[in-house]
Amino acid sequence: MVNYRLINICKTFFSIISINIIIIFFKFYKKKKIIFFYHPRKKLTLNHLNYLNHLFFIFKKDYLIIHGHELENYNDKNFFFLSQSFLIKWLFNIDVFFSLNVCEKFPIRSKKIYMHHDISTAPLVNNKNEKQLYKRLIKYDYIFIPNKKSQIMFENLFIKYKKQNSEIPKVFCVGYFKLDYLINKFKKNKNLKKQIIIAPSDYRHIKKLSILHNLKKIIKTLLNETKYKIIFRPYPANRNSDLIQNIEKEFINEKNFMVDSSDDYFDIYSNSFCMISDISGTAFTYAFMTNRPVIFYSKNEKNLFQLGYSHLDYFKDRKKVGLIAKDTKQIIKNISKIKNGYNEIKKTNRKLIKEINYLGKSRKIIKKLTDNIVSIN
């Protein structure tokens with residue numbers, strides 16, 4: 001019987017040795033600074049690569065970019081398999097450690113940067129896990145966030161749990177490089193088809209606010225009462241769960257239904273009429289990219305007050321980018337409203353977009369800040 005765990009450990013050791021050799025060559029002979037970008041969540045790795053390649057393109061003159069990941073069968077230049085995150089401490093001479101998901105293990109003496117991957121102020125975690133998230137975040141030196149609203153959210157988290165004299169990361173607003181990439185690409189591709197995207201958040205995140213438990217009823221209603229193609233795009237980390245598999249099996253024979261599990265959502269987002277979501281950050285990314293409306297499914301708005309989330313800008317801004325529906329009837333009514341025009345939503349959406357810091361300039365801001373961080377002894 002093949003021992004895959006042992007094989008992965010051996011591959012990881014080989015990667016650690018290879019990376020250290022490459023670092024020595026590029027740092028001391030090519031005089032390059034070293035960025036190590038780690039992808040700790042296997043199922044999210046490929047979703048980020050197009051944006052990261054675009055971001056780091058302007059770094060190439062001064063930096064070598066190395067990626068660590070946990071995908072067994074992924075091979076590309078300067079991408080290395082690392083299944084045992086504790087071995088990251090055996091990487092030396094790295095200038096900057098970057099991640100889009102919160103990590104706990106780091107290379108020795110590197111500057112550690114967490115770059116928040118959500119344009120919205122959706123809850124970071126459920127209330128029960130807030131303190132644990134705080135303990136993980138304070139291991140970083142810097143946090144890059146997309147806008148002032150996010151900055152307030154992170155600072156409130158630190159104020160809530162910070163102990164006297166404890167060090168917390170420096171928080172910098174840098175814009176949202178992912179949105180810059182998408183908006184620029186969308187300008188060249190404005191096809192519109194009769195399709196509706198359903199893109200929920202991770203249903204394990206805040207169960208009371210998830211659409212997943214009502215999704216079968218919603219899909220049936222959309223298929224029966226509209227002529228749109230319904231595209232269900234599950235949250236990447238949920239793709240193989242029993243709940244998602246069950247939904248896919250139920251509607252597999254419906255010609256106007258499909259599940260999209262691709263790593264790049266650009267085409268389905270840019271070709272769609274509208275999106276249906278719950279508390280996913282992708283709802284605002286979609287709205288800002290396409291200037292088309294989102295229908296936010298919220299079965300019981302009282303839950304926001306009970307959970308202490310009603311003050312978050314995510315929930316305050318929903319009507320600026322779309323409409324709210326508490327049941328399937330309201331979803332159908334909202335689709336009719338959108339068909340009859342949504343000029344007011346377009347206007348408020350544009351105003352919200354203008355509030356985004358460094359729109360179109362995030363790459364340069366991130367590069368400049370990274371240079372400054374590396375220069376600090």
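Contact here means heavy atoms within 4.5 Å. The model is predicted. Its open sheet has seven strands with parallel pairing. Helices α1 and α15 both touch this sheet. Two buried residues, S150 and T370, get a closer look below, as does the pairing of α6 with α7.

**S150 and its surroundings**
- S150 sits in helix α4, which spans residues 148–161.
- With a relative accessible area of 0%, S150 is buried, because the cut-off for buried is under 20%.
- Beyond residues up to four places away in sequence, S150 touches D118, I119, S120, T121 and I145.

**The sheet**
- The strand order is β3-β2-β1-β4-β5-β6-β7.
- β3 (79–81) and β7 (170–173) stand at the edges.
- Each edge strand has a single partner, so one side of each is left without a neighbour in the sheet.
- On average, neighbouring strands are turned by 25° against each other, direction ignored.
- Strand β2 (residues 63–69) pairs with β3 in the parallel sense, over three bridges.
- G68 has F80 in β3 as its bridge partner.

**Helices on the sheet**
- Helix α1 (residues 4–28) packs on the sheet and touches β1 (33–38), β2 and β3.
- The direction of α1 makes about 150° with that of β3.
- Helix α15 (residues 362–375) lies across β1, β2, β4 (96–99), β5 (111–115), β6 (142–145) and β7.
- α15 runs at about 170° to β6.

**T370 in α15**
- T370 belongs to helix α15.
- T370 is buried, because its relative accessible area of 0% falls under the 20% cut-off.
- Setting aside neighbours within four places in sequence, T370 is in contact with I35, F59, Y63, V96, F98 and F144.

**The α6–α7 pair**
- Two packed helices are described by the angle between their axes and the distance between the axes.
- The axes of α6 (residues 215–225) and α7 (residues 242–251) come within 11 Å and cross at roughly 25°.
- That angle makes α6 roughly parallel to α7, because angles under 35 degrees count as roughly parallel.
- The crossing of α6 and α7 is right-handed.
- From α6, the contact involves L215, K216, I219, K220 and L223.
- From α7, the contact involves N246, I247, E250 and F251.
- By class, the α6–α7 contact has five nonpolar, one polar and three charged residues.

How values were computed
Residues are numbered from 1 along each chain as its sequence is written. This is a predicted model: local features need pLDDT of at least 70, side-chain atom pairs count only at pLDDT 80 or more; totals for chains, interfaces and linings use all residues. Side-chain values use heavy atoms; hydrogens and water are left out. Axes are lines fitted to C-alpha atoms, for helices over the stretch in contact, and angles run from 0 to 180 degrees between N-to-C directions. Helices (H or I, at least four residues) and strands (E, at least two) are DSSP runs, numbered from the N terminus. Angles under 35 degrees count as roughly parallel, over 145 as roughly antiparallel, 65 to 115 as roughly perpendicular and the rest as oblique. A crossing is left-handed if the near helix is turned anticlockwise from the far one by less than a right angle, and right-handed if clockwise. Ala, Val, Leu, Ile, Met, Phe, Trp, Tyr, Cys and Pro count as nonpolar, Asp, Glu, Lys and Arg as charged, and the others, Gly among them, as polar. Buried means under 20% relative accessible area, exposed over 50%, partly exposed in between (1.4 Å probe, protein chains only). Two strands pair if DSSP finds at least two bridges between them.
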